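User: Can you walk me through the side-chain contacts in this one? I'd like short answers with the reasoning spelled out.

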Amino acid sequence: MKKSWPARFAENVRTYQGYPIGKTLEYLTDPEIISLAGGLPSPEVFQRSQVRQASAAALDADIDRILQYSPIPGEAALVDAVFRFLERDAIRIGRENIVITSGGQGGLDLAGRLLLNPSDTVLVDRPTFAGAIVAFQMQRPNFVGVDIEDDGSDIGGMRKQLEDLSARGHLPKFIYVVPDFQNPSGITISLAKREALLDLSHEFDVPIIEDSPYRDLRYRGETIPALFALDQQRGGGHVVGLYTFSKLFCPGVRVGFNIGPPEVIRRMTHLKEGAILNTPKWNQDMCTAFLTEWDLDDHLENCRAYYREKLDVFLGTMAEHLPPETGVTWTVPEGGLFLWVTVPDHIDTDELFFEAIEHKVAFVPGAQFYGERPERNHMRINFSFVSKEDLAEAVRRLAGCIKNRL
């Protein structure tokens, strides 16, 4: 009897469903829908003229190399530029500590494939980044989540989970966190909690994967040291850092980088060799120009000012249309591109999504951001992409849908 194709699939992917947010966006074909769903930076901050000029210069000077394969760990010029970029954060590394990746998602994929076997445990915040969940799910791990608090990870809850898992001989392979303006909640881990999280990492000998896509997009408050930098002060070796240029420069170039201990980066580079070989040189050259030839500080300040205004519009309109008596609450992030809205328990945001689509507004239902035990009365909101006028209109439409279900 002839086997069906699904019967031939590898066990790791037989039940794998891919990225749920991508499927959510398939519903947004109507141009009249105001989408607060995708995690898109605004084209208004893209450096179009600089890209055109840098691209022309690179092609004129080095077209044969650009059209050829390039070094798998990354172009030397970009690696050197990243070193200087990280020194702003008191992070100092060498070539043995870095591999250029194809965006943040590529970095997550390398981390998951390197560290996880089927049934291994990953300790995460609840909620956490859906892209990390789907990247790690390829290896069929078990997610153990601890509800995030207003100032970041619940350290006491994580300690309890680590103690319980240790007693059963199933310590997590790693702890995954987005410390700065977390996707989806917008919450930032306080300095005290970062130090306490490192204490747990060292005490239980469980490494931390630190995902940092939004770190430079702070609109208010003081910058908090990265976990990687704090770990280096202790001797290092317990944190692997994941970075991307998607939110700071533009997502279309698909370039990021992972940093960590030499043995980790060496093996990640081997995995990259087997998967994609090299990250395109032109893409890396544009990121090098972004870091070295253009005014990085001016660009980042422009992004901060632009997104700060949008966030303020969104928060103000939410307060106007969803007063406390509605029972609707939301986070107030100090940076990043997202915030987290919680509605009364009886409202299922998976169902609310389709009503919202009928009213020409979209969000991402919160259940997609849980590795286990999903909660269904939340939604992720992106405020960076649409105009300020559309943000205000989107809130009015969304508030109407929510009030219909109160």
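User: Which residue lies over the face of Trp-5?

Analyst: Keep in mind that this is a predicted model. A charge counts as sitting over a ring if the Arg CZ is within 6 Å of the ring centre. At 5.5 Å from the centre of the Trp-5 ring, the residue over its face is Arg-8.

User: Okay, on to the nonpolar side. Which helix gives the most to the largest nonpolar core?

Analyst: That core has 123 residues, and Phe-136, Tyr-176, Phe-245 and Phe-257 touch the most other members. The helix that gives the most to this core, with 8 residues, is H12 (residues 296-321).

User: Arg-304 is in helix H12 too. Is Arg-304 buried or exposed?

Analyst: The cut-off for buried is under 20% relative accessible area. Arg-304 has 17% relative accessibility, so Arg-304 counts as buried.

User: And which residue offers a backbone oxygen to the Arg-304 side chain?

Analyst: Leaving aside neighbours within four places in sequence, Arg-304 is in contact with Asp-216, Arg-218 and Tyr-219. The side chain of Arg-304 reaches a backbone oxygen at 2.9 Å, and that oxygen belongs to Asp-216.

User: Back to Phe-245. What does Phe-245 touch away from its own stretch of sequence?

Analyst: Neighbours within four places in sequence are left out here. On one side of the list there's Leu-78 and Val-82, then Cys-250, Val-255, Gly-256 and Phe-257. The remaining contacts of Phe-245 are Cys-287, Phe-290 and Leu-291.

User: How is the ring pair of Phe-85 and Phe-245 classed?

Analyst: The count comes to 16 aromatic pairs. For Phe-85 and Phe-245, the ring centres are 6.5 Å apart and the planes sit at 55°. Planes under 30 degrees apart would be stacked and over 60 edge-to-face. At 55°, therefore, the pair is tilted.

User: How many residues apart in sequence are the parts that this pair ties together?

Analyst: Phe-85 is buried, and so is Phe-245. Phe-85 lies in helix H4 (residues 76-87), while Phe-245 is in the loop between strand S7 (239-244) and strand S8 (256-259). So the pair ties together parts whose separation in sequence is 160 residues.

User: What's the angle between the ring planes of Phe-136 and Phe-174?

Analyst: Phe-136 is buried and so is Phe-174. Their centres are 5.2 Å apart and the pair is edge-to-face, with the planes at 70°.

User: Which elements hold Phe-136 and Phe-174?

Analyst: The pair ties together parts that are 38 residues apart in sequence. Phe-136 is in helix H6 (residues 130-137), and Phe-174 is in strand S5 (residues 174-177).

User: Which residues do ring pairs link into a cluster?

Analyst: Phe-85 and Phe-245 are both in it. The other names are Tyr-243, Phe-249, Phe-257, Phe-290 and Trp-294.

User: Now the charges. How far apart are the N and O atoms in the salt bridge of Lys-281 and Asp-62?

Analyst: Side chains of opposite charge can pair when their charged atoms come close. The count comes to 34 salt bridges. Lys-281 and Asp-62 form one of them, with an N to O distance of 3.5 Å.

User: Where in the fold do Lys-281 and Asp-62 lie?

Analyst: Lys-281 counts as buried at 5% relative accessibility, whereas Asp-62 is partly exposed at 24%. The pair ties together parts that are 219 residues apart in sequence. Lys-281 is in helix H11, and Asp-62 is in helix H3 (residues 48-66).

User: Which residues share a salt-bridge network with Lys-281 and Asp-62?

Analyst: Bridges that share partners join Lys-281 and Asp-62 to others in one network. The others are Arg-65, Glu-75 and Asp-285.

User: What about Arg-95: which residue does Arg-95 form a salt bridge with?

Analyst: Arg-95 is partly exposed, with a relative accessible area of 45%. The closest N and O atoms are 2.7 Å apart, and the partner is Asp-80.

User: Helix H11 again: what is Asn-283 in contact with there?

Analyst: Asn-283 lies in helix H11 (residues 281-292). Asn-283 is buried, with a relative accessible area of 14%. Leaving aside neighbours within four places in sequence, Asn-283 is in contact with Gly-252, Val-253 and Val-255.

Definitions and conventions: Residues are numbered from 1 along each chain as its sequence is written. This is a predicted model: local features need pLDDT of at least 70, side-chain atom pairs count only at pLDDT 80 or more; totals for chains, interfaces and linings use all residues. Side-chain values use heavy atoms; hydrogens and water are left out. Helices (H or I, at least four residues) and strands (E, at least two) are DSSP runs, numbered from the N terminus. Buried means under 20% relative accessible area, exposed over 50%, partly exposed in between (1.4 Å probe, protein chains only). Contact means heavy atoms within 4.5 Å. A nonpolar core is a set of buried Ala, Val, Leu, Ile, Met, Phe, Trp, Tyr and Cys residues joined through side-chain atoms within 4.5 Å. A polar contact is a pair of N or O atoms within 3.5 Å; within protein, one must be able to donate a hydrogen and the other to accept it, and residues adjacent in sequence count only if both atoms are side-chain atoms. Rings of Phe, Tyr and Trp (its six-membered ring) pair if their centres lie within 6.5 Å; planes under 30 degrees apart count as stacked, over 60 as edge-to-face and the rest as tilted. A charge sits over a ring if NZ of Lys or CZ of Arg is within 6 Å of the ring centre and within 35 degrees of the ring normal. A salt bridge is a side-chain nitrogen of Lys or Arg within 4 Å of a carboxyl oxygen of Asp or Glu.
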